[in-house]
Amino acid sequence: MQPTILVIDDDVQIRNLVEIYLKNEGFQVVKAGDGLEALDILSKNKVHLIILDIMMPKMDGIDACLKIREESEVPIIMLSAKVEDLHKIHGLSVGADDYITKPFNPLELVARVKSQLRRYLRCNHLHDSGISDNASRIEIGNLTINTATHQVFVNNKEVKLTPKEFAILELLARHQGMVFSSRKIYEMVWKEPMMELENTVMVHIRNIREKIEENPRKPIYLKNVWGVGYKIE
């Protein structure tokens, strides 16, 4: 069974173009023209990744992303004609895993889809394979990370992370005390070179802190090493 991609965009030409490229790579594709239609599709179909436009009628991509994140951790790649960093940060802060601006290269979009799916499907496979809980558990103080079930607990209370947030946290937790630059984190988690300085990693770090730290402004787990990068200790 090939992964199923949900393409959500009010522009039928973009939906059809993305569908052609994804089907050429062997993916199954379902399509929606707005957020409400997408939510209806998600309630009836298993989807492995979502490509989500921001500017749409009835329910825009931001509101749709928030609704999806209430129920699912499926990877979300946002599409937008807006190139300002503020819009990118907003998209990532509501739960998107990646962001690409229009007009885009369809081959680049396919590459990002594959990158997101590799991690997401690997995590799900580990969950299904019955790996022992003890062998896949990382404990740091009151923070517990279960890499097999893709769960994170703080003070025995589960917190929900997106796949990219979980990947960053797992990377740092597996190398306690080591400092990783934003560029290194990006290249290890996204599995592609960071072509220019951007704030994608910073936004994800901020989101993780909001979820795992009692006081995100004074983190006890995920710390900055100024001018160098981030670490967990």
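Tutor: A residue is called buried if its relative accessible area is under 20%, and exposed if that area is over 50%. The model discussed here is predicted.

Student: Which residues of strand S3 point one way, and which the other way?

Tutor: Strand S3 covers residues 49-53, and 5 of its 5 residues are buried, so the strand is largely enclosed by the rest of the structure. The burial therefore holds for both faces of S3. Leu-49, Ile-51 and Asp-53 point one way, and the other way point Ile-50 and Leu-52.

Student: In S3, what is the bridge partner of Ile-8?

Tutor: Strand S1 (residues 4-8) runs parallel to S3 and is joined to it by 4 bridges. Strand S4 (residues 76-80) also runs parallel to S3, again with 4 bridges, and there Ile-50 stands opposite Ile-76. On the S1 side, Ile-8 is bridged to Leu-52.

Student: Which strands stand at the edges of the open sheet, each with a single partner strand?

Tutor: The sheet has 4 strands in the order S6-S7-S8-S9, with antiparallel pairing. One side of each edge strand is left without a neighbour in the sheet, because each has a single partner; these edge strands are S6 (137-140) and S9 (157-159).

Student: By how many degrees are neighbouring strands of this sheet turned against each other on average?

Tutor: One pair in this sheet is S7 (residues 143-146) with S8 (residues 151-154), joined in the antiparallel sense over 4 bridges. Within it, Ile-145 stands opposite Val-152 of S8. With direction ignored, the average turn between neighbouring strands of the sheet is 25 degrees.

Student: At roughly what angle do the axes of helix H6 and helix H7 cross?

Tutor: Two packed helices are described by the angle between their axes and the distance between the axes. H6 (residues 163-174) and H7 (residues 182-189) have axes that come within 10 Å, and the crossing is right-handed. The crossing angle is roughly 115 degrees.

Student: How many nonpolar, polar and charged residues does the contact of H6 with H7 have?

Tutor: H6 contributes Lys-164, Ala-167, Ile-168, Leu-171 and Leu-172, while H7 contributes Ile-185, Met-188 and Val-189. Lysine counts as charged, and Lys-164 is among the residues from H6. By class, the contact has 7 nonpolar, no polar and 1 charged.

Student: At about what angle does H6 run to S7?

Tutor: H6 also meets the sheet, lying across S6, S7 and S8. Its direction relative to S7 is about 110 degrees.

Student: Is the aromatic pair of Tyr-186 and Trp-190 stacked or edge-to-face?

Tutor: The chain has 1 aromatic pair. Its ring centres are 4.7 Å apart, with 5 degrees between the planes. Tyr-186 is buried at a relative accessible area of 4%, and Trp-190 is buried at 1%. Planes under 30 degrees apart count as stacked, so the pair of Tyr-186 and Trp-190 is stacked.

Student: Is Met-195 buried or exposed?

Tutor: Met-195 lies in the loop between H7 and helix H8 (200-212). Arg-183 is 12 residues from Met-195 in sequence, and the two C-alpha atoms are 9.2 Å apart. The relative accessibility of Met-195 is 73%, which is over 50%, so Met-195 counts as exposed.

Student: What percentage of the residues in the chain is buried?

Tutor: The chain contains 8 helices and 11 strands. Of its 233 residues, the buried share is 51%.

Key
Residues are numbered from 1 along each chain as its sequence is written. This is a predicted model: local features need pLDDT of at least 70, side-chain atom pairs count only at pLDDT 80 or more; totals for chains, interfaces and linings use all residues. Side-chain values use heavy atoms; hydrogens and water are left out. Rings of Phe, Tyr and Trp (its six-membered ring) pair if their centres lie within 6.5 Å; planes under 30 degrees apart count as stacked, over 60 as edge-to-face and the rest as tilted. Buried means under 20% relative accessible area, exposed over 50%, partly exposed in between (1.4 Å probe, protein chains only). Axes are lines fitted to C-alpha atoms, for helices over the stretch in contact, and angles run from 0 to 180 degrees between N-to-C directions. Helices (H or I, at least four residues) and strands (E, at least two) are DSSP runs, numbered from the N terminus. A crossing is left-handed if the near helix is turned anticlockwise from the far one by less than a right angle, and right-handed if clockwise. Contact means heavy atoms within 4.5 Å. Two strands pair if DSSP finds at least two bridges between them.
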